[in-house]
Amino acid sequence: MRITVFGATGRIGAAAVEQALEAGHKVVAVVRASAQYEVRHPALEVVKVAGLTHASELVQAVDGAEAVLSGVGPRGRKDGPVTSTSTRSIIQAMKETGVRRYVGVSAAPVGPVPPGDSLVNRVLIHPFFGWFLKETYADLALMEGDLARSGLDWTVVRPPKLVSKPVTGVYRTALDANLPRGMAISREDTAHLMLATLADPTTAGHTIGIAY
């Protein structure tokens with residue numbers, strides 16, 4: 001496939017670029033003009049943009065792609081509505097170029113607490129992080145709503161706590177649900193699922209929970 005990856009300098013996006021190239025895909029990595037990006041590969045094209053808030057700047061990167069993958073997200077809880085504003089521009093660029101398949105990343109707390117989850121998770125962990133990161137999760141919920149209304153063939157992956165470790169390809173998933181006792185997943189395995197989902201049309205219009 002020819003895949004356009006937004007957020008290629010972030011840790012999920014970087015893992016997606018690496019794994020996509022290893023799998024033989026052609027990749028367009030979208031990075032900010034001010035960012036340092038040292039990845040080189042014969043099947044990699046790097047498109048630098050001033051920002052992600054104007055669809056007109058993203059059309060070149062999206063045009064000709066068979067799918068778009070986005071790892072865009074805030075680097076800190078005070079970064080503001082990064083994900084929703086960027087995704088709106090990506091959606092518009094996709095509509096202008098006729099690209100339909102989109103896979104992005106959200107977060108498990110945007111969805112409901114799963115049945116069978118532990119008492120500690122239900123009473124302490126989920127409520128605490130729901131409060132502590134409420135602005136981040138509100139922004140992700142806006143993004144998910146925009147995608148649901150977009151008419152695109154979208155899928156959103158909802159990971160819990162993100163850690164860094166080599167890709168395993170071994171994890172649990174749940175369609176339109178979170179996973180009970182799903183405490184963590186690596187950025188590398190999150191990228192793995194996102195790439196696998198790109199080629200699975202049955203996941204279009206759905207969220208996917210992921211965890212070890």
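Mentor: The expected span of a helix is 1.5 Å times one less than its number of residues. We're looking at a predicted model: local features need pLDDT of at least 70, side-chain atom pairs count only at pLDDT 80 or more, and totals for chains, interfaces and linings use all residues. Residues are numbered from 1 along each chain as its sequence is written, and side-chain values use heavy atoms, with hydrogens and water left out.

Trainee: OK, how far does helix H3 reach from its first C-alpha to its last?

Mentor: Helices (H or I, at least four residues) and strands (E, at least two) are DSSP runs, numbered from the N terminus. H3 covers residues 82–97, 16 residues, and 22 Å is expected at 1.5 Å a residue. Its reach comes close to that, at 23 Å.

Trainee: Which residue follows H3?

Mentor: Look for a positive phi, near 80 degrees, just after the helix. The residue there is Gly98.

Trainee: And what covers the buried residues of H3?

Mentor: Buried means under 20% relative accessible area, exposed over 50%, and partly exposed in between (1.4 Å probe, protein chains only). Among the buried residues of H3 are Thr83, Ser86, Ile90, Ile91 and Met94. By contact, meaning heavy atoms within 4.5 Å, their cover includes S1, helix H2 (59–62), S4, strand S5 (101–105) and helix H5 (134–148).

Trainee: Why is strand S1 described as largely enclosed by the rest of the structure?

Mentor: Count the buried positions in residues 2–6. S1 is largely enclosed because the buried ones number 4 of the 5 residues.

Trainee: In which sense do S1 and strand S2 pair?

Mentor: Two strands pair if DSSP finds at least two bridges between them. S1 and S2 (residues 26–32) have 5 bridges, and one of the matches puts Arg2 with Lys26. The sense is parallel.

Trainee: What stands opposite Ile3 in S4?

Mentor: S4 (residues 67–70) is another parallel partner of S1, over 4 bridges. Opposite Ile3 you'll find Ala67.

Trainee: What handedness does the β-α-β unit of S1, helix H1 and S2 have?

Mentor: Point the strands away from you: a clockwise path from the first strand over the helix to the second is right-handed. H1 (residues 11–22) is the helix in this unit, and it lies across S1, S2, S3, S4 and S5. The unit is right-handed.

Trainee: Which strands are the edge strands of the sheet?

Mentor: This is an open sheet of 8 strands with mixed pairing, in the order S3-S2-S1-S4-S5-S6-S10-S8. An edge strand pairs on one side only, and that fits strand S3 (44–49) and S8.

Trainee: How many bridges join S8 to strand S10?

Mentor: These two run antiparallel, with S10 at residues 206–211. Arg172 stands opposite Ala211 there. The bridges number 4.

Trainee: Where is Asp176 found, and is it buried, exposed or partly exposed?

Mentor: Asp176 is in the loop between strand S8 (172–175) and strand S9 (184–186). Its phi is near 55 degrees, positive in a residue other than glycine. At 42% relative accessibility, Asp176 counts as partly exposed.

Trainee: What is the phi of Arg181 near?

Mentor: Most residues other than glycine have a negative phi. Arg181 lies in the loop between S8 and S9. Its phi is positive, near 60 degrees.

Key:
Axes fitted to C-alpha atoms, helices over the stretch in contact; angles between N-to-C directions.
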